[in-house]
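Colleague: I should like to go through the terms used for this structure and hear the reasoning behind each of them. May we begin with the side chains?

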Amino acid sequence: MHEFENLPTDHDLRLPAWGPYTKQYMGISHINDQSRGVRFDLSLMPGFYRRKIDIPSVLWESGYHPWEATPDYSFFAHRHELEWKDRVYADISFSRIDDQSRLIRAALANQTEHPQNLVLHWMASLQPPRLPGHGEVHVFTDAQLPEDAKWVDALDYSELTFAQPRPSDGLVYDGFIRGEIRGQHFTGGSAIGCQFGGDAEDMLRYETTLTTPLQDGKLLLRYQAAQGGELEIGLGHQRYRLSLEPSNTLIIAELPVGILAAGKVTISMHTSGSSPMIIDGFTLIERSACKDVTFLDRPWQIEPELLAGPVPSSLILRYPDSPCFYGLLWDYSDAQIRQFRNDELDRYARHTVHNHVDDILQGNGKGHYTNVFMRPIHLIPGSSMILHGMVCSGTYEEVHGCMSNFTLDYDKCESIYQAERTKLNPPPSYPSGDRYAFSQQLMRATLLTNTVYPVYTKRTYIRHSTPGRWWDSLYTWDSGFIGLGFSDIDTRRALDCLNAYMTEPGDSQTAFIHHGSPVPVQHYVFQELWNRGQSPDFLQHFYPRLRQYYLFLAGKTSSSTTNTLRTGLLKTWDYFYNSGGWDDYPPQKYVHEHNLEAAVAPIITTSQAIRIAKILKMAAAMSDDWQMDIRGYEEDIRLWSGALEAHAWDEQAGYYGYVVHNQQGDSEGHLYHASGANYNMGMDGLYPLVAGVCDRDRANRLITVLFDDGRFWTPIGLSTVDQSAPYYRADGYWNGAVWMPHQWFFWKTMLDLGRPDYAFRIANTALECWKRETEATYNCYEHFIVQTGRGAGWHHFGGLSAPVINWFASYYQLGKVTIGFNVWMLQQQFNEEFTEYRAEFHYAGEAEQPFSMLVNLTEGVSYMVVGTGCNVQSSLQTSGGLALIIIDCLPRAEISIQPVEW
């Protein structure tokens, strides 16, 4: 697994500076200044001449579709529909020339019976970071100090302790540091808040250095406290009290400290009452110099100087604070250079589409776009036209030289385009899978290009694979599924996606990067990648990090409050409202509506903990250093399995129910609906199947329910909620819809239970559903409505829909091996022709439990399968590969598949 080399340590992705990173209008972006989170965007916007501009907003359905992409962004393309469906459109692509430049290709097509007059806008802009959630441009403030003074950022503490311990102390949201908030006008963009000072004896400690002694010193503290307050300041051995005046804005409090020697200084701040405050930072300074201290908002210089390029139809952009220049080169002679002085184009560009005169369109002045306006572009009926261009970055000399030396010769540009596009070639697959080629193409393009910049975590800006650009954030469980999808596209991308959510072992504030539903999908990405590659270095890196993640989820470390009930059942309500990603799951909603979070445990959390304990147990067996961990996993599995059986199983309902506890943490029974029905007639109530803790009779009973078309099964897959439940509804978000992620878990479980028929039923139904919708709309949706089978939700969704990539690979991709959760590969190998396969593996299930393995070998060959330490039955799948049923398996076994010699 050579892709493991040079793994980032800062949660960033190993992707080029040029890529599809925008959060505003689709096109190509460049990481302009990573230390400040600044991005350069170039969006291409086609339209109809003097009629309409097509604005490819990434925040709603706007007529463009991710079309093709390579994992490393050496090529990616989007289709912009001007007249649906494929009557008038533009295919816009970006191809790598070198590290600093990209070829732009716009293929405009007119498939109507009428001539068309089109336009193409290039819109270039410099985009500063914004507050989370597509908020306002982030305003930073600079502390202006005398030359020998030092500003200490509030985040640079050596210790922060809340007097009342918080569940989040060891799992701070979004990879922030404890107490951190983001906001406007802070030095550094962040401050200490989070109700710091809400309790007496909240404490901050700093270790700083005073470069010159102070004779009549003062401590200047920048803060905000709506109710005022008081701090006890410790400075060396001295103690002071500092009164804070009430203020709803950031102001300065001054504390005389007298004589201070140069050298290391320890400063502590203890709160004295219940007065929440925000601390931005402080400095130690001579009293006489206090008047020289000011705080100035840092302006974002986003309007460039437009410099003539070295050749016709070229332009150089010089942004005042940018570390680089940008060059634009195009090959259409009828072009006008314009400027839009406005912060958005969705309304303003449409509003000014009939302004045919001005070169500068003056809007609200809060943003700037340099516009290369190519018009008109005439297309006769049934014709197309290809326009080429180039964008580059670097020093002035580099940009000037790049544009001077690069010619937009048609054949040369097409050669670059074809060479980079050739890298799209997916792995070989069976001809029976050709019918899914287009729907897979769109999903691959969507999943691969859903990457945004900047996302802030661990005090730095990173590129991040997001479920969709509407989510301007991290997202833990969605990113797990993104990683699973990547595992069948590009191992390097999958590794980066997994690594982005890991933290260093011993991190006392961030057991893992947490945002959203704490479903530990990262452990499954880990298992999938291991089973694919078996790299010792991979194992050594990820095992301790995933163990740290697990221990927090299990309630065994730091501030974790997941394991506070005497039954042993786990709950994560203190960390997020959503136990399994299913926002409107009926019993979950009821728990929150009635404030029952302290007393009620769902099933999925304990079930997931059991399953990942089993995964980590298999991993721990690979190293002598981890043998002691195995006993802990075994004890946890035994305890949690017993708790589910003793407290959660409802024999009459045939479900595992939400368990209600008393104040002492003992079980008081199940949570019931007003109708008297168990409130957990949904996927959560079946999750012990995934954990692998049901005996055979129980498992068969739950499988029957799962595939009953009056209960969970629908023509488009598994419903989230039992359709016969009194609280099932047709208009819910998850309730009444089919989603892919939990189906993935049940699909893998069917392999563990030796039911490849049911596994195929889940996968095939999903692939057919996906095919119908993507071919109809070109969109990749979040979920599908049971009543109609149609897609809904976000339209460029990767994330939780990524299993469609895995299902295709498992049944149609040559050389793919698919197993359940109970198999840990020790080594495996195909021959070059994919006509032979050998594997040695560890099996963690019950010996008498049949399980399945899917092996995709070359078609048209008869095979002989031999098991060592197990018995094997094989059959040919309709998709083309072999389905193996393995029985009587020892903990360590081997399989050999070879062609039959006649």
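Colleague: What makes one say that the charged end of Arg105 sits over the ring of Tyr417?

Modeller: The model is a predicted one. In it, the charged end of Arg105 is 3.8 Å from the centre of the Tyr417 ring, and the term requires CZ of Arg to be within 6 Å of the ring centre and within 35 degrees of the ring normal. The charged end of Arg375 likewise sits over the ring of Phe373, at 5.4 Å from its centre.

Colleague: Why is the pair of Phe481 and Trp744 called edge-to-face?

Modeller: The structure holds 70 aromatic pairs. In the pair of Phe481 and Trp744 the ring centres are 5.9 Å apart and the planes stand at 90°. Centres within 6.5 Å make a pair, and planes over 60 degrees apart count as edge-to-face, so this pair is edge-to-face.

Colleague: What parts does this pair tie together?

Modeller: Phe481 belongs to helix α5 (residues 476-487) and Trp744 to helix α14 (residues 741-752), so the pair links parts that are 263 residues apart in sequence.

Colleague: How do you know whether Phe481 and Trp744 are buried or exposed?

Modeller: Buried means under 20% relative accessible area. Phe481 has 0% and Trp744 has 1%, so Phe481 counts as buried and Trp744 is buried.

Colleague: Why are β39 and β41 called edge strands?

Modeller: Three strands form an open antiparallel sheet in the order β39-β40-β41. β39 (737-738) and β41 (791-792) are its edge strands because each pairs on one side only.

Colleague: What makes β39 and β40 a pair?

Modeller: Pairing needs at least two bridges, and β39 has two antiparallel bridges with β40 (residues 783-785). Val738 stands opposite Phe784 in β40.

Conventions:
Residues are numbered from 1 along each chain as its sequence is written. This is a predicted model: local features need pLDDT of at least 70, side-chain atom pairs count only at pLDDT 80 or more; totals for chains, interfaces and linings use all residues. Side-chain values use heavy atoms; hydrogens and water are left out. Rings of Phe, Tyr and Trp (its six-membered ring) pair if their centres lie within 6.5 Å; planes under 30 degrees apart count as stacked, over 60 as edge-to-face and the rest as tilted. Helices (H or I, at least four residues) and strands (E, at least two) are DSSP runs, numbered from the N terminus. Buried means under 20% relative accessible area, exposed over 50%, partly exposed in between (1.4 Å probe, protein chains only).
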